[in-house]
Amino acid sequence: MGYSREIQTAADQILRSRRRAAEDSAAHCRAAFYGACPRAQEIERRLASTAVAAAKAVLRNGNAGGELRKLKAENQGLQAEYDILLKEHGLDSLEPKYSCPRCRDTGYVDGKMCSCRKELLRAESFRRLNQLTPLALSTFDSFSLKYYSDEPREGRSSDRDIMRRTYRFCVDYARQFSKASPNLIMTGGTGLGKTHLSLAIANEAIQRGFGVIYASAGDLTAKLEEEHFGRSTETGSMESLQNCDLLILDDLGTEFRSSFSSAAIYGLINTRLLLKKPTIISTNLRTAEMADRYSERFASRVIGSYRRIAFVGRDVRQLRRS
């Protein structure tokens with residue numbers, strides 16, 4: 001993945017911090033152990049000297065089998081005593097306890113990038129894509145049904161009953177979310193709670209450890225356009241958007257209309273469908289408007305591959321202000 005220099009630098013700084021913390025902690029533990037147990041430090045020095053003695057014996061006489069066996073026996077005895085002293089002081093080792101034992105927090109194993117560095121790059125990319133999103137402001141607990149009318153309409157339930165079912169569906173979707181969850185399209189007018197509940201789903205999925213990207217269609221296409229035409233030092237956002245566990249695309253249809261934005265959104269939605277990655281779209285557009293703006297093929301793919309969640313009522317933001 002073509003991550004920008006800034007993202008790679010941020011990930012490497014985290015790795016360096018982890019490695020330094022592990023090594024500093026090990027050094028502090030070693031000093032405390034040797035302070036409390038001078039015999040252990042004496043053994044460590046003796047072990048080092050037996051290794052040097054063995055090397056010298058081989059250089060002096062290539063057939064130094066007897067001397068080497070004696071040194072090996074001494075070494076094993078010292079190591080056994082050292083291990084006993086460690087256990088007596090509640091320790092199993094004085095080696096640094098790295099966050100990633102595979103790469104020892106260097107980010108690489110045998111010259112290849114370690115999975116821990118890949119995950120850091122991915123997480124940093126998600127963080128930057130989400131940094132302008134008010135995730136903390138929208139939760140299921142803060143969603144209120146009191147702004148929806150409880151007056152039944154002819155031939156259907158009240159707005160409040162419909163939105164209660166919508167709310168419960170979103171709660172269940174978030175709590176049962178998996179990489180195999182269905183795609184959703186939230187439809188309805190402005191100010192009916194689509195953004196609030198989609199953000200609440202994002203919050204829940206993130207807390208459960210999934211990689212979630214939330215973006216308004218306008219912000220997303222503007223960012224992709226900057227990267228595509230070289231006006232940004234960052235790259236790789238499209239791949240992050242295509243591969244995250246859950247993409248939430250808010251306010252589809254409010255982005256600046258251009259051939260690039262339409263193609264970018266179509267390509268993103270189509271790729272995630274092919275990869276079977278769940279996506280949530282919220283939009284004020286009707287089906288005909290979606291077909292006119294993006295293409296009939298796009299509208300058909302969304303209608304056929306997404307579960308529609310209806311939002312009804314009056315603009316909640318206006319009701320709150322009044």
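**Exercise 1. Find the salt bridge between Asp12 and Arg117, and work out which parts of the chain the pair ties together.**

Step 1. Start with the rule: a salt bridge is a side-chain nitrogen of Lys or Arg within 4 Å of a carboxyl oxygen of Asp or Glu. Asp12 and Arg117 form one, with their closest N and O atoms 2.8 Å apart.

Step 2. Now place the two residues. Asp12 lies in helix 1 (residues 5-36) and Arg117 in helix 4 (residues 115-130), so the salt bridge ties together parts that are 105 residues apart in sequence. Helices (H or I, at least four residues) and strands (E, at least two) are DSSP runs, numbered from the N terminus.

Step 3. Check how open each partner is. Buried means under 20% relative accessible area, exposed over 50%, and partly exposed in between (1.4 Å probe, protein chains only). Asp12 has a relative accessible area of 23% and is partly exposed, while Arg117, at 2%, counts as buried.

A word on the model before going on: it is predicted, so local features need pLDDT of at least 70 and side-chain atom pairs count only at pLDDT 80 or more, whereas totals for chains, interfaces and linings use all residues. Residues are numbered from 1 along each chain as its sequence is written, and side-chain values use heavy atoms, with hydrogens and water left out.

**Exercise 2. Describe the salt bridge of Glu81 and say which network Glu81 belongs to.**

Step 1. The partner of Glu81 is Arg39, and their closest N and O atoms are 2.8 Å apart.

Step 2. Glu81 sits in helix 3 (residues 65-88) and Arg39 in helix 2 (residues 38-60), so this pair ties together parts 42 residues apart in sequence.

Step 3. Glu81 is partly exposed at 29% relative accessibility, and Arg39 is partly exposed at 31%.

Step 4. Salt bridges link Arg39, Glu42 and Glu81 into a network. The count for the structure comes to 13 salt bridges.

**Exercise 3. Look at Tyr82: is it buried or exposed, and what does it touch?**

Step 1. Tyr82 is found in helix 3. At 9% relative accessibility, Tyr82 counts as buried.

Step 2. List the contacts, meaning heavy atoms within 4.5 Å. Leaving aside neighbours within four places in sequence, Tyr82 is in contact with Arg30, Phe33, Tyr34, Ala40, Ile43, Glu44 and Leu94.

Step 3. Pick out the polar contact: the side chains of Tyr82 and Tyr34 meet at 3.0 Å. A polar contact is a pair of N or O atoms within 3.5 Å; within protein, one must be able to donate a hydrogen and the other to accept it, and residues adjacent in sequence count only if both atoms are side-chain atoms.

**Exercise 4. Lys194 is buried; find its nearest side chain of opposite charge and its polar partner.**

Step 1. Lys194 lies in helix 6.

Step 2. For charge, Lys and Arg count as positive and Asp and Glu as negative; His and the chain ends are not counted. The nearest side chain of opposite charge is Asp251, 5.7 Å away, and Lys194 has no salt bridge.

Step 3. The side chain of Lys194 does reach the backbone oxygen of Gly188, at 3.1 Å.

Step 4. Not counting residues up to four places away in sequence, the residues that Lys194 touches include Met186, Thr187, Ser282 and Phe311.

**Exercise 5. Compare the expected span of helix 5 with the distance between its ends, then find what covers its buried residues.**

Step 1. The expected span is 1.5 Å times one less than the number of residues. The 17 residues of helix 5 (residues 159-175) should span 24 Å, and the end C-alpha atoms are 24 Å apart, which agrees.

Step 2. Among the buried residues of helix 5 are Ile162, Met163, Phe169 and Tyr173.

Step 3. Their cover includes strand 3 (183-187), helix 6 (194-207), strand 5 (246-252), strand 6 (279-283) and strand 7 (306-310).

**Exercise 6. How many helices and strands does the chain hold, and what share of its residues is buried?**

Step 1. The chain has twelve helices and seven strands.

Step 2. Of its 322 residues, 42% are buried.

Step 3. Among contacts with a separation of 6 or more, 77% join residues 24 or more positions apart.
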